[in-house]
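This briefing introduces a protein to a reader who has not met it before. Please look over the sequence and the structure before turning to the points that follow.

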Amino acid sequence: NPEPTLRSETDTGIISTSSIAFSPDGVLLAMTDRRIPHTQLWDLSGEVPRRRDDIAIPDISGGPGRVAFSPTGNSLFVMRDSSSIVEFDLKRLIEKRTWTLPEPINDFPLSADGRYLATANGNSTTYILRLEDGSMSQTE
């Protein structure tokens with residue numbers, strides 16, 4: 001197997017990356033640092049990665065946690081704190097909606113069709129969020 005080739009090395013200014021995610025088309029890279037109250041978006045379409053935008057995370061102390069793109073690439077989901085997830089509209093770079101759960105969230109995968117977001121919670125429960133209307137159901 002051939003050795004992987006380093007495309008480029010870029011100083012992001014992030015000291016301790018807490019989460020990183022590629023957009024579905026591979027053009028954007030989102031990064032968070034738990035000590036900085038924003039998420040960085042990087043454009044990877046050129047020869048060298050270029051910092052595109054910073055998305056400020058409202059009502060946060062410290063920095064955001066996990067980050068994930070929707071399957072369409074139109075939204076970015078960011079864990080604001082241990083029990084809330086914020087959805088951002090990437091075209092307008094604004095907060096679309098927030099879910100605050102009664103339990104700490106360990107992880108939040110999105111379904112491949114973009115219809116659902118599930119949360120794996122610290123108390124062994126799972127919430128299924130229907131993204132079309134924002135409704136939520138719980139499993140135990």
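With which residue does arginine 97 form a salt bridge? The partner is glutamate 87, and the closest N and O atoms of the pair are 2.6 Å apart. The model is a predicted one, and the points below describe its strands, its cores and its salt bridges.

**Overall composition**

- The protein contains zero helices and twelve strands, so its elements, taken from the N terminus on, run β-β-β-β-β-β-β-β-β-β-β-β.
- Of the 140 residues in the protein, 39% are buried.
- Among contacts with a separation of 6 or more, 32% join residues that are 24 or more positions apart.
- The exposed area of the protein is about 8000 Å², and carbon and sulfur atoms supply 49% of that area.

**The hairpin of β1 and β2**

- Strand β1 (residues 17-22) pairs with strand β2 (residues 28-33) in the antiparallel sense, over five bridges.
- Within this pairing, serine 19 has threonine 32 in β2 as its bridge partner.
- The two strands, β1 and β2, form a hairpin with five residues between them.
- Glycine 26, which lies in the turn, has a positive phi of about 75°.

**The four-stranded sheet**

- Four strands make up an open sheet in the order β5-β6-β7-β8, and their pairing is antiparallel.
- The edges are held by β5 (67-69) and β8 (94-100); each has a single partner strand, so one side of each is left without a neighbour in the sheet.
- From one strand to the next, the twist averages 20°.
- Inside the sheet, β6 (residues 75-81) and β7 (residues 84-89) pair over six bridges in the antiparallel sense.
- Phenylalanine 77 stands opposite glutamate 87 in β7.

**Nonpolar cores**

- In soluble globular proteins, nonpolar side chains tend to be buried together.
- The largest nonpolar core here has 13 residues, of which Phe77, Ile85, Phe108, Leu110, Leu117 and Leu131 touch the most other members.
- Strands β6 and β11 (126-130) each supply at least two residues of this core.
- Leaving aside residues up to four places away in sequence, leucine 110 touches Ala68, Phe69, Ser70, Pro71, Phe77, Tyr116, Leu117 and Leu131.
- A second core, separate from the one above, has twelve residues, including Leu28, Leu41, Ile55 and Val86.

**Salt bridges**

- The whole structure holds ten salt bridges.
- The pair of arginine 97 and glutamate 87 joins strand β8 to strand β7, so it ties together parts that are ten residues apart in sequence.
- Glutamate 87 is buried, with a relative accessible area of 4%.
- Through salt bridges that share partners, Glu87, Lys96 and Arg97 are joined into one network.
- Glutamate 95 forms a salt bridge with arginine 80, with the closest N and O atoms 3.6 Å apart.
- Because glutamate 95 lies in strand β8 and arginine 80 in strand β6, this pair ties together parts that are 15 residues apart in sequence.
- Glutamate 95 is partly exposed at 35% relative accessibility, whereas arginine 80 is buried, with a relative accessible area of 7%.
- Aspartate 54 forms a salt bridge with arginine 51, and the closest N and O atoms are 2.7 Å apart.
- Aspartate 54 counts as partly exposed at 38% relative accessibility, and arginine 51 is also partly exposed, with a relative accessible area of 37%.

Conventions. Residues are numbered from 1 along each chain as its sequence is written. This is a predicted model: local features need pLDDT of at least 70, side-chain atom pairs count only at pLDDT 80 or more; totals for chains, interfaces and linings use all residues. Side-chain values use heavy atoms; hydrogens and water are left out. Two strands pair if DSSP finds at least two bridges between them. Axes are lines fitted to C-alpha atoms, for helices over the stretch in contact, and angles run from 0 to 180 degrees between N-to-C directions. A nonpolar core is a set of buried Ala, Val, Leu, Ile, Met, Phe, Trp, Tyr and Cys residues joined through side-chain atoms within 4.5 Å. Buried means under 20% relative accessible area, exposed over 50%, partly exposed in between (1.4 Å probe, protein chains only). Contact means heavy atoms within 4.5 Å. Accessible areas come from the Shrake-Rupley method with a 1.4 Å probe; for residues, only the protein chains shown count as cover. A salt bridge is a side-chain nitrogen of Lys or Arg within 4 Å of a carboxyl oxygen of Asp or Glu.
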